[in-house]
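Colleague: I should like to discuss the overall fold of this chain with you. Could we go through it step by step?

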Amino acid sequence: SVNWSGVRGNETGFLISRSNQPDGTYTAIHTAGPNDRAYTDRNLDINSTWYYRVQALVDEQKSTGLQTVSASTLNITLISDPEFWRRIVIAYPEAGVAQVNGQNLPSYVNSNYITQITSLNLARVFDYENQISSIEGIEHFTSLQSFNFHRHDIQSADISQNLNLTHVSLRDNLNLTCIRV
């Protein structure tokens, strides 16, 4: 979130602009109301830094005073399949559940930790266990050497970015038609 203060009381709004460089070109992204004091920028790339400027507006005229603030997004990885995410968090609690302001972010894990995992065993043992239908996000497990993934419902597996893999077992994935290595 971008927060601001130091208002005079005669503002009719605030113009928020963003850049990916501190001295770069700033693009207006939002006009906040006169009583607003914060703006949350959403849908940004993970693990990136952004720079913001907030200008007071008085009758659509921009103030001349500018302050630049920076904010960095979390270093997290999206795991799109809810069951895949759940199994990772259970098997590797150190991966943690990514949090913002103490609130869990379902479907995300801590990228700093998952890049250290060398073995991932997500074999489905019992029929009553939920099946995983996508392993999107596996490419971020860059240290992975062993991957056991049995009896699930994936149609494709892209492990082409897992350059350290020496053992892969995708047994009994009956709908698996494409493996990219």
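The exchange below concerns the protein chain shown above.

Modeller: This is a predicted model, in which local features need pLDDT of at least 70 and side-chain atom pairs count only at pLDDT 80 or more, while totals for chains, interfaces and linings use all residues. Residues are numbered from 1 along each chain as its sequence is written, and side-chain values use heavy atoms, with hydrogens and water left out.

Colleague: Is the protein chain more spread out or less spread out than a compact globule?

Modeller: The globule rule (2.2 Å times the number of residues to the power 0.38) is compared with the radius of gyration, taken over C-alpha atoms. For 181 residues the rule gives 16 Å, whereas the radius of gyration is 22 Å, so the chain is more spread out.

Colleague: What does the C-alpha trace span along its principal axes?

Modeller: The chain holds two helices and 15 strands, these being DSSP runs (H or I, at least four residues, for helices; E, at least two, for strands), numbered from the N terminus. Its C-alpha trace spans about 65 × 35 × 30 Å.

Colleague: Which helix gives the largest share of the largest nonpolar core?

Modeller: A nonpolar core is a set of buried (under 20% relative accessible area, 1.4 Å probe, protein chains only) Ala, Val, Leu, Ile, Met, Phe, Trp, Tyr and Cys residues joined through side-chain atoms within 4.5 Å. The largest one has 24 residues, and Ile135, Phe141 and Phe147 touch the most other members. Its largest share, four residues, comes from helix α1 (residues 82-91).

Colleague: Which residues does the second, separate core include?

Modeller: This core has 10 residues. Among them are Trp4, Phe14, Tyr52 and Val54.

Conventions
Buried < 20%, exposed > 50% of the residue type's maximum accessible area, 1.4 Å probe, protein only.
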